[in-house]
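Colleague: Please show me the model, and let us then discuss it by question and answer.

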Amino acid sequence: MRILGLDLGEKTVGVALSDPFGWTAQGLTVIRRVNPTEMKQSMGELAKIITQYGVETIVLGYPLNLDGTKSVRCEKTEEYAARLQGRFPQIPVVLWDERFTTVSAHAVLREGGLDGKERKKVVDQTAAVLILQGYLDRLAHGAATAEETDKGE
């Protein structure tokens, strides 16, 4: 069982992958998008990853506001989720609450000694790891279905 974690940004998509048992998340790559509205290239790269690793679920970070309401970015994330579901109809796409993941990713990378330029290169991948690990931890503590884990609930 491989689960893919994604952190959607304006210009990049951070990608993380679970181990085969679904216990831990590891950073895989950052897909650089040529144009924020262009999806063909990023979907093609995701298709290669999904095929190579036999991905069974996609977890996409959902950028809620601190109070739990939808942010401006939620609409773009929902559109991306719909495109993912259209491109990979056999794979469930789960929206997962990503509040604080980018801030946490910066903190983790700063503690690891990376300077600002180095952090910028991998922060989206690290955020994807945090998103996916949160989802995996929830699964491990009893949430059995994608519907129960949708948006981190």
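Colleague: Which residue follows helix 1, and what is the sign of its phi?

Modeller: Helices here are DSSP runs of H or I with at least four residues, and strands are runs of E with at least two, numbered from the N terminus. Directly after helix 1 comes a residue with a phi near 65°, a positive value, and this residue is Gly 54.

Colleague: How far does helix 1 reach from its first C-alpha to its last?

Modeller: This is a predicted model, in which local features need pLDDT (the predictor's confidence in each residue, from 0 to 100) of at least 70, side-chain atom pairs count only at pLDDT 80 or more, and totals for chains, interfaces and linings use all residues. Residues are numbered from 1 along each chain as its sequence is written, and side-chain values use heavy atoms, with hydrogens and water left out. Helix 1 spans residues 40-53, 14 in number, and at 1.5 Å a residue (times one less than the number of residues) the expected span is 20 Å. The model comes close to that, with a reach of 20 Å.

Colleague: Which residues of helix 1 are buried?

Modeller: Buried means under 20% relative accessible area and exposed over 50%, with partly exposed in between (1.4 Å probe, protein chains only). By this criterion, the buried residues of helix 1 are Ser 42, Met 43, Leu 46, Ala 47, Ile 49 and Ile 50.

Colleague: Why do the buried residues line one face of helix 1?

Modeller: The arc is taken from the directions from the helix axis to the C-beta atoms. Viewed down the axis of helix 1, the buried residues line one face because they fall within an arc of 170°.
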